[in-house]
Amino acid sequence: MHWPTSPTPASRRTRAAPTRLTWSAPSTPWSRRWPTGNSPPAERPGCLNTYAGCLFARHTRSGDLDDLDLAIGVGEQAVEATPATAPERAIYLDTLASVRRERFLRTGDPTELRRAVGHAEQAVGMTGADATERARRLATLAGCLATTHDGERIRPDLLDTIVARSQEAFDLTPDHSPQWWLHASNLAAGLLDRYETRRDPADLDRACHHYERAIAAVRPRSPELAALAYNLAVGLRLRHDRGSHIRDLRRAVEALRRAARIGLVHSPQVALLAARTLGDWTAEREAWDESACAYAIGLKAMHQLVRAQTTRAQRETWLREARRLPARAAFAMVSAGRVPQAAAGFEHGRALVLSEVLERERVDLSRLRAQGYEDLADRYQLAAQRVTALERAAPGDSRHPFTGPAAPRRRDSHDAARTELDQAITAIRATGGFSGFLRNTDSHRPARPPGGPAVVYLVTAPAGGQAVIIGDDLRTVPLPALTEAAVASRASDFLAAQATRSASAAVWETCLDDVTRWLWDAAMAPVLTALDGHEHAVLVAAGELNLLPLHAAWRPASTASGRWYALDQMLLTYAPNARALDVARRLAAEADPTSLLMVDAVGSRPTADLPTISHEVNAALGSFRHHRRLTGPECSVPDVLAAMTEHHVLHFACHGLAHLDHPLDSALLLAQGELTLRDVLEQRLTSVRVAVLSACESALSGTVLPDEAVGLPTGLSEAGAAGVVGSLWRVPDITTTLLVSRFYQSWRQEGLEPAQALRRAQIWVRDSTNDDKAHLFPDIPEVTRPGMPALHRRFWQKARPHTGPTHWAAFTYTGM
């Protein structure tokens with residue numbers, strides 16, 4: 001009992017290329033359980049191979065990475081259970097090669113591709129020249145050899161081999177074979193790869209011809225049409241670029257429309273790729289209506305793929321394929337005059353993982369409880385917490401894919417928990433007055449609550465940027481200089497200068513001045529003009545804008561610092577999206593900030609270079625009647641995690657470590673270990689009003705998925721903190737102590753809200769003289785400088801040593 005496996009084609013200029021199948025997806029649900037020993041031993045490898053093929057087919061239809069992981073696990077069992085000389089082993093190796101190649105496309109792990117090529121070569125070597133299966137073995141090998149990662153070129157020495165293998169497979173296949181279209185398509189893929197390197201027009205014409213014949217050979221509504229139409233579109237576009245034939249371009253666009261339309265039903269990963277490509281192509285010629293429609297399909301496909309996954313790592317795998325899509329979609333929609341759709345699309349395309357958890361775990365159940373439905377509220381809450389716990393308990397690092405017997409058990413547990421959650425939601429909706437509970441949240445346009453701050457979406461695209469402002473009304477501000485390329489370049493320079501700051505402080509300060517000056521002209525000046533009359537705005541920034549201090553954008557002015565900064569004009573805070581802001585607003589209203597948890601490393605080796613940290617600690621502790629301090633030996637990760645759930649204000653005074661490529665590894669360096677973002681995400685905090693991260697680089701988010709804003713601030717928001725103070729870069733110790741101490745004075749003694757208190761502290765550190773600082777903090781020797789000669793002191797008292805943004809602009813406020 002064998003399942004005929006299929007080769008998959010070469011990728012088309014992106015690792016997100018669709019795959020082609022020769023089997024159909026099962027029409028009935030298949031269990032994810034491992035096959036039991038009920039099959040006769042001789043048939044067991046074949047059963048396992050059939051199961052692997054079905055799982056792979058279902059993955060292609062849904063994008064579910066659990067199916068892909070499990071297909072590898074059972075495929076490996078099929079191979080291991082088969083003698084090395086058995087002819088059936090070639091079938092199982094061929095299956096495993098196709099599945100491993102697909103996982104390489106999803107994860108970029110080169111080990112998977114090497115194994116895929118090895119399996120395919122073994123399968124070909126075991127298949128005779130006249131065997132009927134040789135064609136598909138050759139095609140699998142050609143597809144694996146032609147696969148690259150992230151737009152890399154295929155090795156030139158392999159191009160002829162790939163085409164030769166594909167041609168041999170094609171020639172071995174009769175015209176009437178059900179597999180004929182597949183081998184025609186794979187030959188076209190090889191020819192197209194060779195054209196991209198050698199630019200031989202004959203290869204391109206043959207590729208388009210074979211794609212067209214393959215499309216004609218499959219059923220009119222076949223699921224395979226999506227991938228075929230996409231690849232034909234690529235070939236036609238290349239031919240248009242070579243000869244400027246408008247007919248080729250029109251046919252390419254129509255093929256992409258077809259691929260996106262069919263893919264949305266049968267293969268969302270193909271729909272995502274086709275829709276994004278179509279949106280980009282039509283945006284190039286400023287056909288904004290068509291571009292907006294295409295991107296809207298891409299957003300739907302992205303949501304389908306993300307929702308099909310059970311772990312954070314799996315969701316992030318697909319979000320990488322959709323990188324920059326929400327911002328480009330919003331830009332196209334604004335340009336097409338669809339402003340409400342742009343706001344909703346960008347809002348629901350950002351921070352998807354965070355938003356899903358917040359909407360599930362932080363939904364307001366107070367009205368349900370007030371009407372006497374405590375049992376329903378508890379049932380929902382327990383089910384939601386169980387789903388979240390299962391998602392977080394699974395491995396969260398896509399660098400180490402998860403396979404093995406535990407995979408189906410994990411998915412079965414997740415499916416059972418989701419079913420219980422869905423049943424709880426249904427029961428609540430059946431209760432009078434709650435029919436709209438958690439219904440259609442993705443289509444809602446974000447709105448500003450009465451008296452709340454304006455929300456500003458800052459989106460970037462290849463052609464420029466747009467600000468979409470949700471204030472008293474909905475308006476847009478064009479930002480032509482805020483292109484994707486310009487922002488990426490500025491962010492890259494910013495991070496590079498920051499990384500070499502120890503070796504060249506002058507270069508860092510110059511870069512910071514240049515970036516913030518550019519931000520004024522490119523973004524903040526027109527946005528602040530549009531916000532005239534507002535006192536507070538929340539910035540939701542796309543892509544790499546997350547990494548830059550927008551509140552420190554400046555222009556020359558006749559002020560004490562010689563500049564007028566954006567935060568001088570109004571309070572500017574940050575949020576991953578408006579939904580997270582709504583949750584933060586509710587948490588802030590519920591919190592009673594009377595108890596402080598202080599976590600510090602005073603006197604420990606990690607903070608030997610922070611001489612004034614004890615003054616910061618004392619200033620925070622002195623602001624609360626009830627507090628607990630964890631320091632030294634008791635400052636371990638388990639102790640800190642346990643204490644975090646018992647206090648309403650958290651303060652970390654230590655060093656921080658940002659891993660931009662792998663943000664879940666970002667950490668606060670405690671006296672006894674590292675408190676990572678992974679650790680934070682496992683917590684459920686109780687009404688934390690503010691978490692103060694007085695640690696370097698604690699506000700930086702990851703660069704791989706910038707629109708997910710994965711970092712310590714959003715991690716604490718997900719865990720239950722209403723507001724988070726963090727730092728974008730390493731700030732001098734004395735400045736940090738002054739700023740944090742002034743923050744607590746403004747908040748706890750003067751009665752300002754935490755975000756306003758941070759803004760006042762930043763302005764005070766920037767504009768105050770040494771004498772001002774010494775009078776306010778006479779107990780800090782590093783501030784008062786006792787023993788200074790009187791002559792020197794007269795000049796020193798009048799100096800303003802912290803006017804530069806490097807001293808105060810690093811601190812940001814996320815949330816409410």
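# A tour from strand E10 outward

Select strand E10 (residues 649-653): five of its five residues are buried, so the strand is largely enclosed by the rest of the structure. Buried means under 20% relative accessible area, exposed means over 50%, and partly exposed lies in between (1.4 Å probe, protein chains only). Strands (E, at least two residues) and helices (H or I, at least four) are DSSP runs, numbered from the N terminus.

This is a predicted model, in which local features need pLDDT of at least 70 and side-chain atom pairs count only at pLDDT 80 or more, while totals for chains, interfaces and linings use all residues. Residues are numbered from 1 along each chain as its sequence is written, and side-chain values use heavy atoms, with hydrogens and water left out.

**Stop 1: the two faces of E10 and its partners**

In a regular strand the side chains alternate between the two faces of the sheet. Colour Val649, His651 and Ala653 on one side of E10, then Leu650 and Phe652 on the other; all are buried, and both faces are covered.

Now add strand E8 (595-600). E8 and E10 pair in the parallel sense over five bridges; two strands pair if DSSP finds at least two bridges between them. Select Leu597 to find its bridge partner in E10, Leu650. Next show strand E14 (residues 688-694), which also pairs with E10 in the parallel sense over five bridges. Here Ala653 has Ser694 in E14 as its bridge partner.

**Stop 2: Pro593**

Go to Pro593, in the loop between helix H23 (578-590) and strand E8. Is Pro593 buried or exposed? Its relative accessibility is 19%, so Pro593 counts as buried. Leaving aside neighbours within four places in sequence, Pro593 is in contact (heavy atoms within 4.5 Å) with Phe624, His648, Val649, Arg689, Trp747 and Arg748. For a distance check, pick the C-alpha atoms of Pro593 and Leu712: they are separated by 21 Å, and the two residues are 119 apart along the chain.

**Stop 3: aromatic rings and charges**

Keep Phe624 and Trp747 selected and add Phe743 and Tyr744; these four form one aromatic cluster. Arg748 lies over the face of Trp747, at 5.2 Å from the ring centre. Elsewhere, the charged end of Arg367 sits over the ring of Phe434, 4.1 Å from its centre. A charge sits over a ring if NZ of Lys or CZ of Arg is within 6 Å of the ring centre and within 35 degrees of the ring normal.

How many aromatic pairs does the structure hold? There are 15 aromatic pairs. Rings of Phe, Tyr and Trp (its six-membered ring) pair if their centres lie within 6.5 Å; planes under 30 degrees apart count as stacked, over 60 as edge-to-face and the rest as tilted.

Select Trp508 and Trp729, an edge-to-face pair at 5.3 Å centre to centre with 70 degrees between the planes. Trp508 is in helix H21 (residues 505-530) and Trp729 in the loop between strand E15 (721-727) and helix H28 (733-749), 221 residues apart. Both Trp508 and Trp729 are buried.

Then select Trp764 and Phe777: their ring centres are 5.9 Å apart and their planes are at 75 degrees, so this pair is edge-to-face. Trp764 is buried at 15% relative accessible area, and Phe777 is buried at 7%.

**Stop 4: cysteines**

A search of the whole structure finds zero disulfides (pairs of cysteine sulfur atoms within 2.5 Å). Select Cys47: the closest cysteine sulfur, in Cys54, is 11 Å from its own, too far for a bond. Cys47 is buried, with a relative accessible area of 17%. Finish at Cys208, which counts as buried at 1% relative accessibility.
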